[in-house]
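Visitor: I am new to this structure and should be grateful for a close look at a single part of it. Might you begin with a place where two helices pack, and then turn to the aromatic rings?

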Amino acid sequence: MTSIMLDHLPRYPLATLPTPLDEASRLREALGGSQHCPRILIKRDDLTGLALGGNKVRKLEFLVGDALARGATTLITCGGMQSNHARATAAAAVRAGLQAILVLDTDDPDQSPQGNLLIDRLLNAEVRPIPKGANRDEAMAAAAADVRRADGVAYVIPVGGSTSLGAAGYMTMTMELKAQLGQIEAEPDWLYYASGSGGSQAGNVLAARLLNMPYRVRGVLDSPSSPAAAERALTIANGAAELVGSDQRVTAEDLVDVDGSSGEGYAIPTSEADAAILLLARTEAILLDPVYTAKAMSGLIDHIRTGQIRPDETVVFVHTGGVPALFVDAQRLALRAAAG
Ligand SMILES: *Cc1c(COP(=O)(O)O)cnc(C)c1O
């Protein structure tokens, strides 16, 4: 198959596409050159536009398309206080003429507005803080009830926009990548990217299968793995296959996670990730984020250094965005930058 059937799904344009595919030759030099380091191509999904971009914008084109088709007035979603997905949803709401309610969990509801939270405020999203560990789905259901009481129509988007529809939307990344790789006649062996709530993984793995991509797909986890998350990704992927009218199904073995680079947990920094932020900034002027993409890049670098990827191979790294979180960690990163 050379394309994936998406045209029957309502889509609201939000992203600036196609995103570039960059050759990271200075990064390759810094990692030992062609003797020691594979060819590295970076798919710039940090540059999807829409209020600082990222991977969620592709999913939201389809989620918002569905919301509008259902007559929604308000998008409701959830995440951490610095959620990129929540920020992108708030931006999508503005563009589509909708309201946004963001259920964001935190230990510190009075934290100063910075990074994604600042952008949420600028975009006029309603932020509803809940304590960490509280039930996000219940809080979103309560928000939806409030919307209905005010005669609105709520559209609830689960965490990360990771539904089958969101994953179907993310397959547009692979469709673009296929065309771009054809233009430069590259046949990558690997696709690496930062994996969180599973929607990107579902889209990447399913699209690779449907489009006969030459590479194996590896998602570097943002937090230690859990069987429940893997199960969810599988359900999302096979729901997406149904949505695009394919009888292909993926299995648990197709969903390969890299579990060694997430450190102690979600959004807890690692020294290797901070080193990756400096390295990419100083070799390619590409800004990684500390929560997702820097951990993913540190996982890729580890696999290069330990020979799990050979120097004669080619790897595509998908930069999934997250740049606003850099500014949340300004103190630590500035110290690290000064230290070299
Ligand atoms: C959400 C996010 C991811 C993970 O995507 P999922 O579809 O949730 O797995 C990776 N990188 C960044 C910057 C993100 O915001």
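Guide: What follows describes one helix packing and then the aromatic pairs. Please note that the model is predicted.

Two packed helices are described by the angle between their axes and the distance between the axes. Here the helices are helix 2, residues 56–69, and helix 6, residues 164–184; their axes come within 7 Å and cross at roughly 135°. Helix 2 is therefore oblique to helix 6, and the crossing of the two is right-handed. On the side of helix 2, the contact is formed by Arg-58, Lys-59, Phe-62, Leu-63 and Asp-66. These residues meet Leu-165, Gly-166, Gly-169, Tyr-170, Thr-172, Met-173 and Glu-176 of helix 6. By character, the residues of this contact comprise five nonpolar, three polar and four charged.

As for the aromatic rings, the whole structure holds two aromatic pairs. One of them joins Trp-190 and Tyr-192 edge-to-face, at 6.3 Å centre to centre and with 65° between the planes. Trp-190 counts as buried because its relative accessibility is 4%; Tyr-192 is likewise buried, at 0%.

Tyr-266 and Tyr-292 also form an edge-to-face pair, with 5.9 Å centre to centre and 70° between the planes. This pair links distant parts of the chain, 26 residues apart: Tyr-266 lies in the loop between strand 9 (257–258) and helix 9 (271–284), while Tyr-292 lies in the loop between helix 9 and helix 10 (293–305). Tyr-266 is partly exposed, with a relative accessible area of 38%, whereas Tyr-292, at 18%, is buried.

Key: Residues numbered from 1 in each chain as written. Predicted model: local features only at pLDDT ≥ 70, side-chain atom pairs only at ≥ 80, totals over all residues. Heavy atoms only, no water. Axes fitted to C-alpha atoms, helices over the stretch in contact; angles between N-to-C directions. Helix = DSSP H or I, 4+ residues; strand = E, 2+ residues; numbered from the N terminus. Parallel < 35°, antiparallel > 145°, perpendicular 65-115°, else oblique. Left-handed = near helix turned anticlockwise from the far one by under 90°. Contact = heavy atoms within 4.5 Å. Nonpolar A, V, L, I, M, F, W, Y, C, P; charged D, E, K, R; others polar. Phe/Tyr/Trp six-rings, centres within 6.5 Å; stacked < 30°, edge-to-face > 60°. Buried < 20%, exposed > 50% of the residue type's maximum accessible area, 1.4 Å probe, protein only.
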